[in-house]
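Student: I am new to this structure. Please take me through one part of it closely, the packing of its helices and side chains.

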Amino acid sequence: MEQRSTSIYTLQFGLVCLSSFLFSASFNMLIPELPAYLTGLGGAQYKGLIIALFTLTAGLSRPFSGKLTDTIGRVPVMAVGSLVCFVCGFLYPILTSVAGFLFLRLLHGFSTGFKPTATSAYVADLVPSDRWGEAMGIHGICFSTGLAIGPAIGSEITAHFSIDILFYCSSLFALLSIVILANMKETLPNKQKFNLSHLKIKKEDIIEWQVMPAALIVLWSYISYGVILTVISDWSQHLGTGNKGLFFMVFTLSSLLIRFVAGKVSDRYGRTTIIKISLWLLMVSLLGIAFANSSFILMVASAVYGIASGMLSPSVTAWTIDLSKPGHRGKAVATMYIFMEVGIGAGALLAGSLFIEDVTKIPSIFYICTGSH
């Protein structure tokens, strides 16, 4: 798409960032409370599936979201992702069996399978190619702010009200995200009207092979994130952290400013330099989590993890778009996210298979993750 402006600070860019903030807060505010909620339903042995099922459908939906993003447009695909979050929030208090809960985790995964794919393509359409890293960094700040605030808000809502109120608040955030999308202009030229043939996925629609170098890095680096999502609430509580969402808030807040800087630096000095540094920092943070014997040390490791993630995410996303063809940006971003979901899901399954209730096993899981990097 032809770039008409050298500025990234436009109304449309601001709207997509705000929508992403609300979307990420919507689904992430549930994360710290879901392990205990599932245990209360009698499904403690299925903790690993909380994240694994979510990422399974997210990954399976990526080829569809990538194709639809490149055909019917970016905005409709973003709206579908937010709509799924809105619906699921109302269904959690209704489907209160273990089977019902696991089904909803499966359904909820479609949200992240659709919205981030279309959002990344939308951002790439809006800004000049020589500022993709910076734009991805700024958008990542907004998305990460939602990730940071969501868990802390979720734990407070549950403590002062109930988990059902938390589910309804999640729906409210998703609804606001949809309202914002209604005021956004489409950036895809020559978009098509939706028909059922768009849901027919061919083999060549699944993977954009040109972006495999970036996708493989994403795969290995996100295994640890799947582990963190599964066990960090229990590990935080074991080390005396009062708010189970504090780890998420610290690591996400620490990534905010570094995302802006890392994106700009990757535009100037290259993506791979920043990616290499971030992977080394990621290993240091995982060892810190494993060695932590107090809440303070855990929070320091969380901050390092946030810096590493904040450097990696915008750089590897911009690199993915660098490697892609303009007409296949949706498929390219979808490919990256497929490998991300595989990594997160593998990490969640690893954690779930090694840990159910024995917190003394948690450090060994992070040693394994460090070795995988």
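Tutor: What follows starts with the nonpolar core, moves to a helix that feeds it, and then turns to aromatic pairs and single residues.

This is a predicted model, in which local features need pLDDT of at least 70 and side-chain atom pairs count only at pLDDT 80 or more, while totals for chains, interfaces and linings use all residues. Residues are numbered from 1 along each chain as its sequence is written, and side-chain values use heavy atoms, with hydrogens and water left out.

Start with the core. A nonpolar core is a set of buried Ala, Val, Leu, Ile, Met, Phe, Trp, Tyr and Cys residues joined through side-chain atoms within 4.5 Å. Buried means under 20% relative accessible area, exposed means over 50%, and partly exposed lies in between (1.4 Å probe, protein chains only). The largest nonpolar core has 91 residues. Which of them touch the most other members? They are M184, I232, I289, L298 and F366. Helix 12 (residues 295–323) gives the most to this core, with 10 residues. Helices here are DSSP runs (H or I, at least four residues), numbered from the N terminus.

Look at I289. Contact means heavy atoms within 4.5 Å. Neighbours within four places in sequence are set aside; I289 is then in contact with I228, I232, W235, F247, L298, A301 and F366. Another core lies apart from the largest one. That core has 7 residues, including F23, C85, F143 and L147. In soluble globular proteins, nonpolar side chains tend to be buried together.

Now follow helix 12 to its partner. Two packed helices are described by the angle between their axes and the distance between the axes. Axes are lines fitted to C-alpha atoms, for helices over the stretch in contact, and angles run from 0 to 180 degrees between N-to-C directions. Helix 12 and helix 13 (residues 329–354) pack at about 140°, with their axes 9 Å apart. The two helices are therefore oblique to each other. Angles under 35 degrees count as roughly parallel, over 145 as roughly antiparallel, 65 to 115 as roughly perpendicular, and the rest as oblique. The crossing of helix 12 and helix 13 is right-handed. A crossing is left-handed if the near helix is turned anticlockwise from the far one by less than a right angle, and right-handed if clockwise. Helix 12 makes the contact with V316, T317, T320 and I321. Helix 13 brings R329, A332, V333 and M336.

S313 also sits in helix 12. S313 is buried, at 16% relative accessible area. Beyond residues up to four places away in sequence, S313 touches Y222 and R259.

Y222 leads to the aromatic rings. The whole structure holds 14 aromatic pairs. Rings of Phe, Tyr and Trp (its six-membered ring) pair if their centres lie within 6.5 Å; planes under 30 degrees apart count as stacked, over 60 as edge-to-face, and the rest as tilted. Take Y37 and F167. Their ring centres are 5.5 Å apart and their planes stand at 75°, so the pair is edge-to-face. This pair links distant parts of the chain, with Y37 in helix 2 (residues 34–40) and F167 in helix 7 (residues 163–181), 130 residues apart. Y37 and F167 are both buried. Y222 and Y225 also form an edge-to-face pair, at 6.1 Å centre to centre and 85° between the planes. Both of these tyrosines are buried too. Y222, Y225, F247, F251 and Y305 form one aromatic cluster.

Next, some single residues. A36 is in helix 2. A36 is partly exposed, with a relative accessible area of 41%. L107 is in helix 5 (residues 98–126). L107 is partly exposed, at 26%. With neighbours within four places in sequence left aside, L107 is in contact with V84, C88 and L91.

Finish in the loops. N190 lies in the loop between helix 7 and helix 8. N190 is exposed, at 75% relative accessibility. N190 has a positive phi of about 55°, although it is not a glycine. K191 lies in the loop between helix 7 and helix 8 (212–221). Not counting residues up to four places away in sequence, K191 touches T71, I72 and E186. G242 is in the loop between helix 9 (223–238) and helix 10 (246–269). G242 is exposed, with a relative accessible area of 75%.
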